[in-house]
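Let's take a walk through a protein model together. Have a look at the sequence and the 3D view first, then read on.

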Amino acid sequence: MHKPFKKPIYITRPLLPSLDKYKKLLEQVWDSQWITNNGPKHKKLEKKLRNYLKVPSLSLFNNGTTALITAIQSLKLTGEIITTPFTFPATPHAINWNHLIPVFADIKKNDFTIDPRSIEKHINKKTSAILAVHVFGQPCDVYAIENIAKCYKLKIIYDAAHAFGTEINGIPIGQFGDISMFSFHATKLFNTAEGGALAFNDLRLKKIIELTKNFGIKNEEEVLLPGLNGKMNELQSSLGLLNLEEINEEKSKRQNIYNTYITELKNVTGVSLSELDTKNKNSLQYFVLRINKEKFGISRDDVYRKFKKYNIYTRKYFYPLCSEYNCYKNLPSADKKNLPVANQVVKEILTMPFYGSLKDEEVTKICFILKSFKK
Ligand code: T4K
C-alpha cells in the first residue's frame, strides 16, 4: 500500500525561469517605461517564435482565446464552422463570439482529432470553414482536411493550443491551414503566463490581424474596423523570452517522463497509451491514458476519484464534450447519435501529471498506484 504524496501532484506546473533573470529583464522594461503596445520585448519574442515555430508570419496575443476570435474575424467567415466537440470551451466559444454557428463533427478513435469523413457529412451552403484542433498535440489529418477544404472552398483554422513544436514528417504544424492558433497559457509547454499567437502563411493577413487585435486603429485619426484588445504586454513577452531559452531542456525532461510512463504502463490490460507516432514530432504537451472499464475493472471516473485520495489530481480533459454544454446542446449536430466516438472517448480519457520538474520516482509511484487500482 502506497502512502499519499505529501504535496499535491497536479497535471502540470508552469515552466518558470530563474527569478533573477526575470528581474533583469523587468529592470529593462522599467527603465524604458514602455510596458505594452508592441514594445521591444514583444518585437523580439515575435521574431524568435517565428523562427522557433518555423512559420512565415506570426502575431502575438494576450491569450489564445482572443487570438482564435481574431482569426475567425480576420478571415471574414460566415454562417457555420465545422469543429470538434472534444476540446476546451474556447474553441466553439470563439465561433460563437463571432455570431457564427459551431457544427460538431465526430472524432477519430485512434488520435481523438476531428474525423474528415464526419466533416464532409456536415458541409452545406452555409459552411465557411473548418476549425480543427490538434488535440493533446496530436496532429489532425491535415492532408484529408486540406482536400475537403479545396473541394468545397472552405477556410481552415487550426486550434494548435496544444501543439507548440508539433511536426508532421518534418513539416512544422503552423505551416498547415490558413491560420493556426497557439496558446501560451501557464499550463502550456511554452508559457507567457497568459498569451497566445496566430501563425499564417499568407503575409497579407498580417495587416488585418494586427488591426483587429488593436481596436482596428490605423493611426491616431483613423479606426478601420471593430477590433478588440488582444495585445501581449512587455511583462508577458519578457517571461516568454526566458522560457523559450529553457524549452528544449523542458522537452527532453518530458521525453524521459514519457518513457517512464510507457515502460511502467505498457503491459497493463485495460490501459491504452497514446504512443508517439515515429514520423510525427509530438509537442509533449500532455500524457493521456484511456481506461477501458471492462478490461481494467474500474471506470475512468473511479480512477480519477481514487487518485485524489493519494493527493494526485489528474484531469478528465475534455469532459463534458462541448456539445453537452447548455449553450450548444440544442444544436442538431450536438445530438449524441451524430458523435458516437466522441461520446465514448470522453468517458475513458484521463490526463496524467506531466511536466519537466516531475521526478522520475514520482512518475513510477503514480504508475504503481494506478496498477494497484486494477481489479
Ligand atoms: N483551445 C484549446 C484546445 C485549449 O486547450 C485552450 C486552453 C484554448 C483553446 C484557449 O487558450 P487560452 O485562452 O487559455 O490561452 C487550463 C488552461 O487555463 C487553458 O489554457 C487550457 N486550454 C486548458 C486545457 O487547461 P483549466 O481550467 O483546466 O486550468 P486550471 O487552472 O485548472 O489548471 C490546471 C492545473 O495546472 C492545476 O490543477 C494546477 C496547474 N497550474 C495551473 C495554473 C493556472 C499551476 O500549477 N499553475 C498555474 O498557474 O484550464
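Which atom of the ligand lies 2.6 Å from a polar side-chain atom of Asp159? It's a nitrogen atom of the ligand. Before we go on, note that this is a predicted model, where local features need pLDDT of at least 70, side-chain atom pairs count only at pLDDT 80 or more, and totals for chains, interfaces and linings use all residues. Residues are numbered from 1 along each chain as its sequence is written, and side-chain values use heavy atoms, with hydrogens and water left out.

Here are the polar contacts between side chains and the ligand (a polar contact is a pair of N or O atoms within 3.5 Å).

| Residue | Ligand atom | Distance |
|---|---|---|
| Arg13 | oxygen | 2.7 Å |
| Asp159 | nitrogen | 2.6 Å |
| His185 | oxygen | 3.2 Å |

On its own, the ligand has 920 Å² of accessible area, and the protein covers 77% of that (Shrake-Rupley method, 1.4 Å probe).

Now zoom out a little. There are 26 residues around the ligand, with Arg13, Thr65, Asp159, His162 and Tyr317 coming nearest; to be near, a residue needs a heavy atom within 4 Å. Sorted by class, this shell holds 11 nonpolar, 11 polar and four charged residues. Here Asp, Glu, Lys and Arg count as charged, Ala, Val, Leu, Ile, Met, Phe, Trp, Tyr, Cys and Pro as nonpolar, and the others, Gly among them, as polar. Helix H3 (64-74), helix H4 (90-96) and strand S9 (179-183) supply at least two shell residues each.

What about the chain as a whole? It has 12 helices and 17 strands, which are DSSP runs numbered from the N terminus (helices are H or I with at least four residues, strands E with at least two). The radius of gyration, taken over C-alpha atoms, is 21 Å, close to the 21 Å that the globule rule (2.2 Å times the number of residues to the power 0.38) gives for 375 residues, so the chain is as compact as a globular protein of that length. Its C-alpha trace spans about 70 × 55 × 40 Å along the principal axes.

Finally, some backbone quirks. The peptide bond from Tyr317 to Phe318 is cis, with omega near 0 degrees, and the one from Tyr319 to Pro320 is cis too, with omega near -5 degrees. Phe318 lies in the loop between strand S16 (312-313) and helix H11 (340-345).

How values were computed
A polar contact is a pair of N or O atoms within 3.5 Å; within protein, one must be able to donate a hydrogen and the other to accept it, and residues adjacent in sequence count only if both atoms are side-chain atoms.
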